[in-house]
Amino acid sequence: MSKSLALIGRALTYLALSLAAFVSIFPFFWMVLGTTNTSADIIRGKTTPGGALVDNIIKFLNSFDIARVLFNSFLIAGLGTVLTLLVASLAGYGFEVFRSRFREKIFGGMLLMLSIPFAALMIPLFMMMASFRIINTYQAVILPGIASIFVIFYFRQATKAFPSELRDAARIDGLKEWQIFFYVYMPVMRSTYAAATIIVFMANWNSYLWPLIVLQTNEMKTLTLVVATLTAGYTPDFGVIMVGAIAATLPTLIIFFLLQRRFVEGMLGAVK
Amino acid sequence: MVAEVETSGSMQDRRRGGAASNLARSEQINGWLFIMPALVLLGIFMVYPILWSLWMSFQVGRGMNFSFGGFANIIRLTQDPVFIRALSNTLLFLAVQVPIMLMLALLFASALNDSKLWGRGFFRTAIFLPCVTSLVAYSVIFKSIFALDGIANQALLALQLIENPINWLSDPFWARVVVISAITWRWTGYNMIFYLAAMQNIDRSIYEAAKIDGVPTWARFWFITVPMLKPVILFTAVTSTIGTLQLFDEVNLLTNGGPSDATLTLSLYIYNLSFRFMPSFGYAATVSYVIVILVGVLSLIQFLIARDRRR
């Protein structure tokens, strides 16, 4: 009796998981399929591949200056990631290694600021960028995100695992504090940096609201903004949009499949 | 860099009092130098804006012309039907979507935590996959899936679950359903990963003992797993709350807040007030402070609940 009950439970578990897996994967399948179909066919729910792939790609490449758009996306996400990692790891290291009661209070205050919603910052930030006269520039997109409290917190947590013997040994060898950071800490903590790179790059690459506000001309647009722009309007061409959506998803998808373990570690890092 | 530690021939030096205070001073200076870039940036791009926003919420006027309005904006809030709409929509999304998503994540995680489960790696990767997509890309995909003649309606018609196609994005009720499903699709796997990681830290022998004592599966889940995961559940509840309160990308792309403001959220309303209509920055700042207060209050409540249950 209880054995057959367990069997039913087992079957239900597999059923639920299979359904969840199907629902999770289907939109990806739909996106890939959509690149081969015309917009009308996609809207009509056609489930077989069509012959519009080349046409969709050509239309996508002609919709905007895509080379420029890709350059913008990679520059903003790449430079933003490098600067965030540098500033945040310096701070995380500084908070953990050089302790003082006053700085602990600052750190506590920073954790409270974690819950400040971006919606409350975007208007003053926009006005600030306007008064600096840097609306529609790369620096306007990148600057506000560099000092990420989340990433600082992540690095501070990770620094707890950095052996203090290494630091002491480096000091005895006569290294200055900044040299210890760049020549000892950074190489030793490279897997922490790798995990952080993934999450920060993804967040920057996918960022939508702030670039939408500060980037105003077509030649400054990122891939995310281009896909959004293609969607606006009354008759969006979904075949073309699917090509754009794949282009926007591909970098993060590749990173995910290449570095799956590290990817997940990076996401979990901050709560340990 | 300044004032590094004197190390050459240092052992004797360090024993002397002067060197010790030198060391302490250098630690102080270095402590500030390492965190300074972050502090300066946070000051400029976070502390100053949030204070400016507070000041602005007491200003009235259009565009860049401001004058002090006292509580005018707060009074306007209470009389603004669009704001009330946006607020109730946001709270509705919060109350419906976050519990469903966290419950699903918890159930999937506990199913996948079974090491005897066949195809575990596949299921885990599949359910996690949605959070790799960009918000914009998946919103667009969902928009095409839920078109009037789209694949969602085709499938439901074929399964005979509905008789007529549902006008998903033009019907207030169904538009909300689509938005909630979309967010749930995107974030369930993300939360599941947190639960899975935490479950791996639970001592297996607790389950073994409970099993021997004849505790049924659901009771093991409810009385062992859930209490053990409380800190992580709290963490995911707080982050999901903050995320949902700031909901913008999906509604902007899927429905643009429509039909007739049925999916308008607070963030979208702030955006509209500032950048789509004739800018009304002061009032928009007031609305943004509503989110600040909501986030603060809800985080506090969740924190208190979690602390209370621990006793």
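Tutor: Before the annotations are used, note that UniProt positions are given in the numbering used here, and that such annotations may be inferred rather than shown by experiment. The model itself is predicted.

Student: Which residues of chain A does UniProt list as "transmembrane region"?

Tutor: The unreviewed UniProt entry lists residues 12-33, 69-95, 107-132, 138-159, 180-203 and 238-259 of chain A under that name. The label comes from the record, and it may be inferred.

Student: How do you know what secondary structure residues 238-259 of chain A have in the model?

Tutor: Helices here are DSSP runs of H or I with at least four residues. Residues 238-259 of chain A are 95% helix and 0% strand, with end C-alpha atoms 31 Å apart. For residues 107-132 of chain A the figures are 81% helix and 0% strand, and the ends lie 29 Å apart.

Student: What makes up residues 70-259 of chain A, helix or strand?

Tutor: That span is 76% helix and 0% strand. Its end C-alpha atoms lie 23 Å apart. In the unreviewed UniProt entry, residues 70-259 of chain A carry the name "domain: ABC transmembrane type-1".

Student: Why is chain A called more spread out than a compact globule?

Tutor: Chain A has 15 helices and 0 strands. The globule rule gives 19 Å for its 272 residues, and the radius of gyration of chain A is 24 Å, well over that value, so the chain is called more spread out. The C-alpha atoms of chain A fill a box of roughly 70 × 70 × 35 Å along the principal axes.

Student: What radius of gyration does chain B have, set against a compact globule of 311 residues?

Tutor: Chain B has 26 Å, where such a globule would be near 19 Å. Its C-alpha trace spans about 90 × 70 × 40 Å along the principal axes. The domain assignment splits chain B into domain 1 (1-43) and domain 2 (73-139 + 167-310), and the C-alpha centres of these two domains lie 45 Å apart.

Student: Why is helix α6 (residues 135-145) of chain B called largely enclosed?

Tutor: A residue is buried if 20 or more other C-beta atoms lie within 10 Å of its own. In helix α6 of chain B, 11 of the 11 residues are buried, so the helix is largely enclosed by the rest of the structure. B:K143 is one of those buried residues. Across chain B, 39% of the 311 residues count as buried.

Student: How many residues of chain B are in contact with chain A?

Tutor: There are 76, and they are in contact with 71 residues of chain A. Helix α2 (residues 17-56) of chain B supplies the largest share of the chain B side, 17 residues. That side has 52 nonpolar, 19 polar and 5 charged residues.

Student: Which residues touch the most other members of the largest nonpolar core?

Tutor: They are A:V227, B:A38 and B:Y195, in a core of 155 residues. Helix α8 (residues 172-199) of chain B gives the largest share of this core, 15 residues. Domain 1 and domain 2 of chain B each contribute at least three residues to this core. Touching means C-beta atoms within 7 Å, and among the residues that B:A38 touches are A:V87, A:L90 and A:I152.

Technical notes
Residues are numbered from 1 along each chain as its sequence is written. Chains are lettered from A and ligands numbered from 1 in the order in which they are written. This is a predicted model: local features need pLDDT of at least 70, side-chain atom pairs count only at pLDDT 80 or more; totals for chains, interfaces and linings use all residues. Helices (H or I, at least four residues) and strands (E, at least two) are DSSP runs, numbered from the N terminus. The radius of gyration is taken over C-alpha atoms; the globule rule is 2.2 Å times the number of residues to the power 0.38. A residue is buried if 20 or more other C-beta atoms lie within 10 Å of its own, exposed if 12 or fewer, and partly exposed in between; C-beta atoms are placed from the backbone. Domain bounds come from an automatic or database domain assignment. Two residues are in contact if their C-beta atoms, placed from the backbone, lie within 7 Å. Ala, Val, Leu, Ile, Met, Phe, Trp, Tyr, Cys and Pro count as nonpolar, Asp, Glu, Lys and Arg as charged, and the others, Gly among them, as polar. Lists of a residue's contacts leave out its neighbours within four places in sequence.
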